[in-house]
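Work through these exercises with the model open. Each task is followed by a stepwise solution.

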Amino acid sequence: MIAIPAALIVLSGCAGGPTDGAPSTESSSSQPGADEGTEMAEQGANEVITIGLKFMPPTITVPVGTTVTWTNGETIGHTVTSGAWGDVNESTNLRGTQTPDGLFDHALSGKGSEGDSFSFTFDEAGEFPYYCQPHLTMNASVIVEG
Ligand SMILES: [Cu+2]
């Protein structure tokens, strides 16, 4: 029981699922590690990862004032560029247009290298579409609720 590594508890917290081991949750609640796990779970709701030439999840809904963080999950570069991307072709899944609006535009470097994540704080309610400039399959939105 004592041999359960702390990393295992942190990992289960990152997965977002409920902790199956009730005894370990109880025993860790009095330790600083429990707070870290909670914090990571909350951040997970505001995180987008680029994987397989997509933003995942493609749509997230957050309250006003939320900082959203994008992380590159693969080794090729992407951009996180705010702006409308118009209609997506149903057969090819490619967008037809892209119109940067200048709110944010960041080039994500490859996974594991400096600059592979980007954060932006949404201070106004609304729907904020964004896309990756070179990849026409990467179209997503942040919905900010006031
Ligand atoms: Cu891309």
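**Exercise 1.** Find how strand β4 and β7 pair, then place both in their sheet.

Solution. Strand β4 (residues 66-72) and β7 are antiparallel, joined by six bridges. Strands are DSSP runs of E, at least two residues, numbered from the N terminus; two strands pair if DSSP finds at least two bridges between them. Next, locate W70: F118 in β7 stands opposite. Now widen the view: the open sheet has four strands, ordered β2-β1-β4-β7, with mixed pairing. β2 (54-56) and β7 (117-122) are the edge strands, each pairing on one side only.

The model is predicted: local features need pLDDT of at least 70, side-chain atom pairs pLDDT 80 or more, while totals for chains, interfaces and linings use all residues. Residues are numbered from 1 along each chain as its sequence is written, and side-chain values use heavy atoms, without hydrogens and water.

**Exercise 2.** Trace the open sheet of five strands and explain why β3 and β6 each leave one side without a neighbour.

Solution. The order is β3-β9-β8-β5-β6, and the pairing is mixed. β3 (59-63) and β6 (99-108) stand at the edges with a single partner strand each, so one side of each has no neighbour in the sheet. Inside the order, β5 (residues 78-84) and β8 (residues 126-131) run antiparallel, joined by two bridges. T81 faces Y131 in β8.

**Exercise 3.** Identify the protein donors of the copper ion.

Solution. They are H78 (ND1), C132 (SG), H135 (ND1) and M138 (SD), 2.0 to 2.5 Å from the ion. Donors are N, O and S atoms within 2.8 Å of the metal (3.2 Å for Na, K and Ca); water is not among the atoms, so sites may look incomplete. Along the chain, the spacing is H-x53-C-x2-H-x2-M.
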